Amino acid sequence: MTPKSAAAAARATVYGYPRQGAHRELKKAVEGYWKGRVTADALRATAAELRQSNWRQLADAGIHEVPTGDFSYYDHVLDTSVMVGAVPERHRAAVETDALDGYFAMARGTQDVAPLEMTKWFDTNYHYLVPELGPDTVFAADSAKQVAEVKEALALGLDARPVLVGPVTYLLLAKPAPGVAADFEPLTLLDRLLPVYAEVLADLRAAGAGWAQLDEPALVQDRTPAELNAAARAYRDLGGLTDRPKLLVASYFDRLGEALPVLAKAPVEGLALDFTEAASANLEDLAAVGGLPGKRLVAGVVNGRNIWINDLQKSLTVLGTLLGLADRVDVAASCSLLHVPLDTAPERDIDPQILRWLAFARQKTAEVVTLARGLARGPGAIAGEVAANRADLASRASSPITRDPAVRARAEAVTDADTRRSQPYQERAAAQRARLELPLLPTTTIGSFPQTGELRAARADLRTGRIDTAGYETRIRAEIADVIAFQEKAGIDVLVHGEPERNDMVQYFAEQLTGYLATRHGWVQSYGTRYVRPPVLAGDISRPAPMTVRWTSYAQSLTARPVKGMLTGPVTMLAWSFVRDDQPLADTARQVALALRDEVHDLQAAGTSVIQVDEPALRETLPLRAAGRPAYLAWATDAFRLTTGGVRPDTQIHTHMCYAEFGDIVQAIDDLDADVISLEAARSHMQVARELAAHGYPREAGPGVYDIHSPRVPGADEAAALLREGLKAIPAERLWVNPDCGLKTRGWPETAASLENLVGAARTVRAELSGS
């Protein structure tokens, strides 16, 4: 096919779309179902309405081929486990009794049965549920969900393409099931899994699907020859099937690298590649392998992960270069639009000129459609859109919001000495022990306590003017007093104020820093029914006034026990925001660190003896390929130390991380030089404690003994058993006892019972250690 005819064939598509609805209807329906207020039929009806609304929006915008199967009640990886029959033995009875309740039991657990482990989806803030597999796993196809959604879309008269997690990525994301040897490799189950995928593909073809998309983002990571051979075998076998739709194998988040020639040679009809800046090497690599003659190329030129408008002229140039490298070139976002909010239109609080710099899912869809039209009909067909886009890009580049000379001068003046504590850990630890006088196995929590309906109502009333600031602050004081009183009665050693004034651990700080923009409706799914509104980091960062000192000091005035000051660290402030793309991340991190450093020093001056700087996103933001990791970890750990450097030796610095694979960054955790780190460990059965021990981690650590992402209340015996497991790796004098994460999403009854059991477990194990 000539370049001209290839351009004429250009079509617009996306790989996935936000699931929640314009008003988070899915969240409300699912949580209503959990509470017994919404029936299963009503939940299914809401889900169907949302799916169909999404497809109609996409079709009306000009998307030629809509994705199906990307919609989920909780998580698309969990959906894949159901599709292939990989239900853990402990959940089988629940699934067989009621498929929907069993599905949610795998996601959330029950009082009697633990849920699946949860961790981050590559380097995003989306969490997936980790498949549990073993040598005895028996797969069985269940394509009901995927087939039903294809039929729904086709019934609307739409061209539908089902999207599935690919078999190689599914196995590479999996872990050995409990009781299975830790060195078991789930990828060894590939030959057992492929016939199940073959059956699902046949069912999709029978349902009317012309194409099926198999997502293989794991192949953008560094892969061994054996793993690449497994990918080659998988797509040789699936491509060789006769009873299947055409296959589009999709990758995103980075360059495909060594896997590109493997997939280019596979007998599949198309590849989808990321051509944004993060994966720009895909263009050169694709040319090096001779392109994709006879195949379809779906070019992800619109960034599906960030919210800045696309440079239409730049993307059109890339697309033009690709025309000679494939039989047909279609246009898409770089990944599912699950990772961005739905629409900028409801954002009334952002300056209209600044709003033109932003593109959420609907705006990105429009960019994809515009670029497809420009590719098919020529640049002249979109000249007006390109001119307007160029003006918006220039407006942003020249805006005073993006540059503050004082902030830049301060950042440039930072020295290595600013990123170091004044004394080594052993000397600091002695000073802290003398100041804090804590018992063996000290207990604490991660920071937040339940955000009750009354608290949320008070915050809403303040926004709408139904109460004034004085009335709101009276409510916050009462909540802090209740939280402190509960912790004292429960016997917790290092207290927190509970963070009742905070809407979100990033947004709360972003709203008090210069350079950030806050959205009102920019919700993005983090996991299950948990949605967050990432702020937009648009310009240079500074802290005009103290942000946390007042409430921390008030809490400390209510108790003689130490109260932790609670801050969100610089890397997490970047990772859980939509970060600016017009300067290196390291430069932005340094600006945020300096603003937080001011807060740390003000907390210390106010008498705060323990300060926690949370960095749960440190692992999440780790580059997917090893080559980029040393530079990232260098500036990321420097930013943390810049935040905490210069405090007194007897001020104890804590940090916290959760729901990630920590083994990859143990050295970086060490390099942070925090005095205490708390980490998620309950779902992973103390894996992180063993990883710290293997590294020789020399400071204090609190691997969590209470999984806060499940409604179940762990008994004191269960917490004690986990604590004893932690003691096998970490000496008692350096071991803390705490939950996995903050308690914001939990209810008060389960929180109170769980923390009382946690304290009871600590007392039991202390007694065992003392022999009393």
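## The seven-stranded sheet

Seven strands make up an open sheet here, ordered S1-S5-S7-S8-S9-S10-S11, and their pairing is parallel. Strand S1 (66-68) and strand S11 (326-333) stand at the edges; each has a single partner strand, so one side of each is left without a neighbour in the sheet. From one strand to the next, the twist averages 25°. Please keep in mind as you read that this is a predicted model.

For a closer look at one edge, follow strand S10 (residues 292-302), which runs parallel to S11 and is joined to S11 by seven bridges. Within this pair, Gly300 stands opposite Ala332 in S11. Helix H7 (residues 144-155) packs on the sheet, where it touches S1 and strand S5 (160-165). The direction of H7 makes about 160° with that of S5.

## The five-stranded sheet

There is also an open sheet of five strands, again with parallel pairing, and its order is S16-S17-S18-S19-S20. Its edge strands are strand S16 (564-568) and strand S20 (700-703), each of which pairs on one side only. Here the twist averages 20° from one strand to the next.

At the S20 edge, strand S19 (residues 676-679) and S20 run parallel and are joined by four bridges. If you would like a residue pair to find on screen, take Val676, whose bridge partner in S20 is Glu700.

## Two nonpolar cores

The largest nonpolar core holds 120 residues, and the members that touch the most others are Tyr235, Leu319 and Leu322. Which helix gives the most to this core? That is helix H9 (residues 190-207), with nine residues. Leu319 makes a good starting point for a tour of the surroundings. Beyond its neighbours within four places in sequence, Leu319 is in contact with Ala299, Val301, Val329, Val331, Leu371 and Leu375.

Another core, of 97 residues, lies apart from the largest one. Among the residues of this other core are Tyr472, Met547, Ala555 and Ile677.

## Helix H20 and its partner

Helix H20 (residues 469-490) contains Glu473. Is Glu473 buried or exposed? With a relative accessible area of 16%, Glu473 is buried, because the cut-off for buried is under 20%. Once neighbours within four places in sequence are set aside, Glu473 is in contact with Arg550 and Trp551.

H20 also packs with helix H29 (residues 748-770), at an angle of about 35° and with the two axes 10 Å apart. The crossing of these two helices, H20 and H29, is right-handed. On the H20 side, the residues that meet the partner helix are Glu479, Val483, Phe486 and Ala490. On the H29 side, they are Trp748, Ala752, Leu755, Glu756, Val759 and Arg763.

## A pair of cysteines without a disulfide

How many disulfides are there in this model? The count comes to zero. As a reminder, a disulfide is a covalent bond between the sulfur atoms of two cysteines. Cys658 is in no disulfide, and its nearest cysteine sulfur, which belongs to Cys741, is 3.6 Å away. The picture from the other side matches: Cys741 is in no disulfide, and the nearest cysteine sulfur to Cys741 is that of Cys658, at 3.6 Å. Why does this pair not count? The two sulfur atoms would have to be within 2.5 Å, so at 3.6 Å they do not qualify.

Both cysteines are worth a look for their surroundings too. Cys658 counts as buried at 7% relative accessibility, and Cys741 is buried with a relative accessible area of 14%.

## Two phenylalanines with positive phi

Two residues to check in the backbone are Phe122 and Phe253. Phe122 has a phi near 55°, a positive value in a residue other than glycine. Its place is in the loop between strand S2 (118-120) and strand S3 (127-129). Phe122 counts as buried, at 8% relative accessibility.

Where is Phe253 found? Phe253 is in the loop between strand S8 (246-250) and helix H11 (259-265). The phi of Phe253 is near 85°, again positive in a residue other than glycine. Phe253 is buried as well, with a relative accessible area of 5%.

Conventions
Residues numbered from 1 in each chain as written. Predicted model: local features only at pLDDT ≥ 70, side-chain atom pairs only at ≥ 80, totals over all residues. Heavy atoms only, no water. Pairing = 2+ DSSP bridges. Axes fitted to C-alpha atoms, helices over the stretch in contact; angles between N-to-C directions. Core = buried A, V, L, I, M, F, W, Y, C linked by side-chain atoms within 4.5 Å. Buried < 20%, exposed > 50% of the residue type's maximum accessible area, 1.4 Å probe, protein only. Contact = heavy atoms within 4.5 Å. Left-handed = near helix turned anticlockwise from the far one by under 90°.
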